[in-house]
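Visitor: Walk me through this one a piece at a time, please. I'll ask, you point.

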Amino acid sequence: MAGLALAAFVVVSLLHKGDPLNPTYTNTASVKTISIDTKAEESKPKVLRATTQHNGDAKLEAAAALHVAKLDEEVRALKKTGIIMETDPNALEITAKLQRATRELIKLRYGEITDRDKNFRVRLELEFQNTIPDFEEKGKDGSITIEMAPIELIPCSVFNFLEIARTWKSGAFHRNAGHVLQAMTHSAITKSMPFQEYRSEYPHKKGTVGYAGRPSGPEFYISIEDNTKNHGPGSQQQKNPYEADSIIGTVVEGMDDVVPRIHTMPGHEFIGDKNKWVLIKRMIILVPGDGPEADKDGYVEFSKSPMELPQ
């Protein structure tokens, strides 16, 4: 068949009902093999991704995921011994192996970005509740976009956040502190980071996004002031002068208007009243691409979760 190619696509829909902060989800997946007119496809956005689900890629991705999971367990076990992960030779070797394996898994699952000036992005679709002071003026909708750090620096942190975004169910900004805005997460990712992945080249400056806690994650925060010292090496504990919060990326859209609006949530620190939270309704993964669907920065949607939002 001239101009035709066969491809298998996994179609996943997330259906939910009930409390929008803690909805019930039903995952239904179906696999279909369809014919594609490759000439017609040439006019569509060209997305830099490698998960085509054919020609053996699915098997390669599955094998890579198993390899990462094995190394992840080894790193977690080593960290539990209490050694200084940032200086111990054995720890440095095994974490480097995990980072290399994670980079390969990212390329297989989300695609390889060939433009060195671009990185993965995640857009958060928000809902401001009527308790926000400017609700009558600005309404309920808002969004912020986070650009992930280069995977050459912190691949494990980036992969973890992409997985949170890909399997997002619900969540909200529920902490309004003077230095951070912290969000709770409900996704398939429930574990903290296997180790505190941090690079001095990418400090916790104002506008960056990091994982909360030690060990870090899966909750995350936006730094609304320079937290290089507060969350950087040697912070929040006295045993390890090198340990820092794991970092994720930087807010590239919404830092000047939407983030300050989140900061007006009624209450300070952890807010117990969920009616005062700013809800994160959906996460959308963006990858470099072109064509009519690309945004002004040359990004297209890779995935969005959940597919359907509560009414």
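Guide: Some vocabulary before we start: the strands here are DSSP runs of E with at least two residues, helices are runs of H or I with at least four, and both are numbered from the N terminus. Keep in mind that this is a predicted model.

Visitor: Where does Pro-215 sit?

Guide: Look for the cis peptide bond between Arg-214 and Pro-215, with omega about 0°. Most peptide bonds are trans. As for its place, Pro-215 is in the loop between strand 7 (208-211) and strand 8 (220-223).

Visitor: Which residue is joined to Pro-306 by a cis peptide bond?

Guide: Go to the segment after strand 12 (299-305), where Pro-306 is placed. The bond in question has an omega of about -5°. On the other side of that cis bond from Pro-306 is Ser-305.

Visitor: Now the helices. What span is expected for helix 5 at 1.5 Å a residue?

Guide: Helix 5 covers residues 155-166, which makes 12 residues. The expected span is 1.5 Å times one less than the number of residues. The end C-alpha atoms of helix 5 are 16 Å apart, and that agrees with the expected 16 Å.

Visitor: How many of the 12 residues of helix 5 are buried?

Guide: Buried here means under 20% relative accessible area. Among the residues of helix 5 that pass are Pro-155, Phe-159, Phe-161 and Ile-164. Helix 5 is mostly covered, and the count of buried residues is 11.

Visitor: At what angle do helix 3 and helix 5 pack?

Guide: Helix 3 brings residues including Leu-98, Thr-102, Ile-106 and Tyr-110 to meet helix 5 residues such as Cys-156, Phe-159 and Leu-162. By class, that contact has 8 nonpolar, 2 polar and 4 charged residues. The crossing is left-handed. The axes lie 9 Å apart, and the angle is about 35°.

Visitor: And helix 2: which helix is part of what covers its buried residues?

Guide: Helix 2 (residues 57-80) has 24 residues and reaches 35 Å from first C-alpha to last, close to the expected 34 Å. Its buried residues include Ala-64, Val-68, Leu-71, Val-75 and Leu-78. An α-helix has 3.6 residues a turn, so residues three or four places apart point the same way. Part of the cover over those buried residues is helix 3 (89-110).

Visitor: Which residue with a positive phi follows helix 2?

Guide: Its phi is near 90°. Most residues other than glycine have a negative phi. This one, though, is a glycine: Gly-82.

Visitor: What is the phi of Gln-236?

Guide: Look in the loop between strand 8 and strand 9 (247-253), where Gln-236 lies. Gln-236 is not a glycine, and yet its phi is positive, at about 65°.

Visitor: Which side chain makes a polar contact with the side chain of Glu-269?

Guide: Glu-269 lies in strand 10 (residues 269-270) and also has a positive phi, near 55°. With a relative accessible area of 35%, Glu-269 counts as partly exposed. Beyond its sequence neighbours, Glu-269 is in contact with His-174, Arg-175, Asn-176 and Ala-177. The polar contact runs at 2.8 Å to the side chain of Arg-175.

Visitor: How far apart in space are Glu-269 and Leu-181?

Guide: In sequence, 88 residues separate the two. From C-alpha to C-alpha, the distance is 8.7 Å.

Visitor: Is Thr-185 buried or exposed?

Guide: Thr-185 is found in strand 6 (residues 180-186). Leaving out residues up to four places away in sequence, Thr-185 touches Trp-168, Ser-170, Pro-218, Glu-219 and Phe-220. The cut-off for buried is under 20%. Because its relative accessibility is 13%, Thr-185 counts as buried.

Visitor: Last one: which residue's backbone oxygen does the side chain of Thr-208 reach?

Guide: Thr-208 lies in strand 7 and is buried, at 4% relative accessible area. Its contacts more than four places away in sequence include Tyr-202, Tyr-221, Ile-222 and Ile-247. At 2.6 Å, the side chain of Thr-208 reaches the backbone oxygen of Lys-205.

Conventions. Residues are numbered from 1 along each chain as its sequence is written. This is a predicted model: local features need pLDDT of at least 70, side-chain atom pairs count only at pLDDT 80 or more; totals for chains, interfaces and linings use all residues. Side-chain values use heavy atoms; hydrogens and water are left out. Buried means under 20% relative accessible area, exposed over 50%, partly exposed in between (1.4 Å probe, protein chains only). Contact means heavy atoms within 4.5 Å. Axes are lines fitted to C-alpha atoms, for helices over the stretch in contact, and angles run from 0 to 180 degrees between N-to-C directions. A crossing is left-handed if the near helix is turned anticlockwise from the far one by less than a right angle, and right-handed if clockwise. Ala, Val, Leu, Ile, Met, Phe, Trp, Tyr, Cys and Pro count as nonpolar, Asp, Glu, Lys and Arg as charged, and the others, Gly among them, as polar. A polar contact is a pair of N or O atoms within 3.5 Å; within protein, one must be able to donate a hydrogen and the other to accept it, and residues adjacent in sequence count only if both atoms are side-chain atoms.
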